[in-house]
Amino acid sequence: MNCKDIEELAPLYLSGEMEEDRKVLFHTHLAECRSCAVKMEQHRAMDARLRKALCAGLPDAGALERSVSRQIVRERSRRWMLAMAAAALLIAAVLGYRMLRPEKLYRDAALDHRQEVVEHQPRHWRTDLVEIEKLAARYELADVTALAPEGYRLEHAKMCGIDGQPALHLVYTNGAREFSVFVRQGGDLEPLSAHSVGAEHLARFRTARHEAVIVTDGSRGECLQFARMAAAVL
Amino acid sequence: MVMPEAPRLLRFARRLTGEMHAADDLVQETLLKAWRNFRQFQEGTSARAWCYRIMLNTFYGQGRKVRAMPATVPLQDRVLVGATSPGIENVEISQALDALPPEHRTVLLLGVVEGFTCREVAEILSVPIGTVMSRLSRARQSLREKLTQSEKVIR
């Protein structure tokens, strides 16, 4: 180690960060070089003077600490309130969605019935029973003709989407009146309920395997009667 | 965890700002930032050094330029007529320190007065350790020269 090394490494030596093997070389040089030894002593003495002059007692930070603690308590409380508000908002959104969701289901079903069945807008209907049964098999519907009440027959069917989910749209007719039956995968049991959207009457129920929405532009009573029979078959 | 550092931070902040109220505000902001950003603290590193880093970033981040240290001498360091020699000594050192360039003064305050290692000073200032070492060497040299000049004037 030479004098230049000593000068460069002095900060590490004075801060106590120097490795032992280097320190041995450092000490060896200081023992041999009077000039470096004096400089090092001057550094030590000046550091000591600096500490003595500036480290004489620590200021009282008690009031400051109390102020920061109060601020932290306030911020914690505000964060907790915000978290609670966010949770409440989320719950309200979920509940709102669940409450509004059937409405869209009924709107979609009623619109499909109005446009495709009542107004006869052109659609690619399946009329062949074998083809319809293939579609019905996707929904584990064994006998689509059995859904028809007395005097009604299956007219045609097609795949469609209601409330963002695929469904099988079956149309039954007695020659004068037509019923739409929308069938999709079920889940939780839900009893029969009646609804209306515009001129259309609707009835909905859920079994363990199916969810069905019956739509007619006829009367509410006819709609419910059709739905009860369908529920018995499904 | 960082609250026990408040008195030391306050001492450093008074040196940094030169004003008691500004120092109080700076320490308060530093402690709150440390609490709010505690997730960013890396286990195994020095929490104390982390606090000083936050303080310096806050101070310079508030649009303050690195300036020649203003009247940074705390009141207790000021000498009165007829004061004893230790009081005079403290004022001389404070004045010599204040006359140093800010980057030299900062490394001396952190490395010598606050007792951080060169590695920790490098972390606090976000500079390489070699830079800290060379600044410390030059700062010690400059401070000694200023004190020697000051002593000559007194004699």
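# Exercises on a predicted two-chain model

In β2 of chain A, A:Q165 is the bridge partner of A:I162. The exercises below work outward from this pair; the model is a predicted one.

## Exercise 1: the hairpins of chain A

Work out which strands of chain A flank the turn at A:D163, how many bridges join them, and what follows along the chain.

Solution. Start with the strands themselves: β1(A), residues 153-162, and β2(A), residues 165-173, run antiparallel and are joined by nine bridges. These two strands form a hairpin with two residues between them, and in that turn A:D163 has a positive phi of about 55°.

Next, follow β2(A) to the strand after the next turn: β2(A) pairs with β3(A), residues 178-185, in the antiparallel sense over six bridges, and within this pairing A:L168 stands opposite A:V183 of β3(A). The hairpin of β2(A) and β3(A) has four residues between the strands, and A:G175 takes a positive phi near 100° there.

## Exercise 2: the whole sheet

Give the order of the six strands in the open sheet of chain A, and explain why one side of β1 and of β4 is left without a neighbour.

Solution. The order across the open sheet is β1-β2-β3-β6-β5-β4, with antiparallel pairing. Because β1 and β4 (190-197) of chain A stand at the edges and each has a single partner strand, one side of each is left without a neighbour in the sheet. From one strand to the next the twist averages 20°.

For β4(A), the pairing is with β5(A), residues 200-206, in the antiparallel sense over six bridges, and the bridge partner of A:H195 in β5(A) is A:L202. A helix also belongs in this picture: α5 of chain A, residues 129-137, packs on the sheet and touches β1 and β2 of chain A, its direction making about 40° with that of β1(A).

To place the sheet in the chain, note that chain A has six helices and six strands, which run from the N terminus as α-α-α-α-α-β-β-β-β-β-β-α. Of the 234 residues in chain A, 26% are buried.

## Exercise 3: two helix packings around α3 of chain B

Describe how α3(B) packs with α6(B) and with α1(B), giving angle, axis distance and the classes of residue in each contact.

Solution. Take α6(B), residues 118-125, to begin with: α3(B) and α6(B) pack at an angle of about 35° with their axes 8 Å apart, and their crossing is right-handed. The contact is made by B:A49, B:Y52, B:R53 and B:L56 on the α3(B) side and by B:E120, B:E123 and B:I124 on the α6(B) side. By class, the residues of this contact are four nonpolar, no polar and three charged.

Turning to α1(B), residues 6-17, its axis and that of α3(B) come within 11 Å and cross at roughly 25°. Since angles under 35 degrees count as roughly parallel, α1(B) is therefore roughly parallel to α3(B). This crossing, too, is right-handed. Here B:L9, B:F12, B:A13 and B:L16 of α1(B) meet B:C51, B:Y52, B:M55 and B:F59 of α3(B), and the contact has eight nonpolar, no polar and no charged residues.

## Exercise 4: exposed or buried in chain B?

Decide whether B:T45 is buried or exposed, and then find which residues of α5(B) are buried.

Solution. Locate B:T45 in the loop between α2 (20-36) and α3 (47-61) of chain B. A residue counts as exposed if 12 or fewer other C-beta atoms lie within 10 Å of its own; B:T45 has 12 such atoms, so B:T45 is exposed. The C-alpha atom of B:T45 is separated by 9.0 Å from that of B:E120, although the two residues are 75 apart along the chain.

Helix α5 of chain B, residues 102-113, is mostly covered, with nine of its twelve residues buried. The buried residues are B:H104, B:R105, B:T106, B:V107, B:L108, B:L109, B:L110, B:G111 and B:V112. After α5(B) comes B:G115, whose phi is positive, near 75°.

## Exercise 5: where the chains touch

State how many residues each chain gives to the contact, and which element of chain A gives the largest share.

Solution. Chain A contributes 26 residues and chain B contributes 30 residues. On the side of chain A that touches chain B, the elements giving two or more residues are α1 (3-14), α3 (34-54) and α4 (62-118), and the largest share, nine residues, comes from α3(A). Sorted by class, this side of chain A has 14 nonpolar, five polar and seven charged residues.

Key: Residues numbered from 1 in each chain as written. Chains lettered and ligands numbered in written order. Predicted model: local features only at pLDDT ≥ 70, side-chain atom pairs only at ≥ 80, totals over all residues. Contact = placed C-beta atoms within 7 Å. Nonpolar A, V, L, I, M, F, W, Y, C, P; charged D, E, K, R; others polar. Buried ≥ 20, exposed ≤ 12 C-beta atoms within 10 Å, placed from the backbone. Pairing = 2+ DSSP bridges. Axes fitted to C-alpha atoms, helices over the stretch in contact; angles between N-to-C directions. Left-handed = near helix turned anticlockwise from the far one by under 90°. Parallel < 35°, antiparallel > 145°, perpendicular 65-115°, else oblique.
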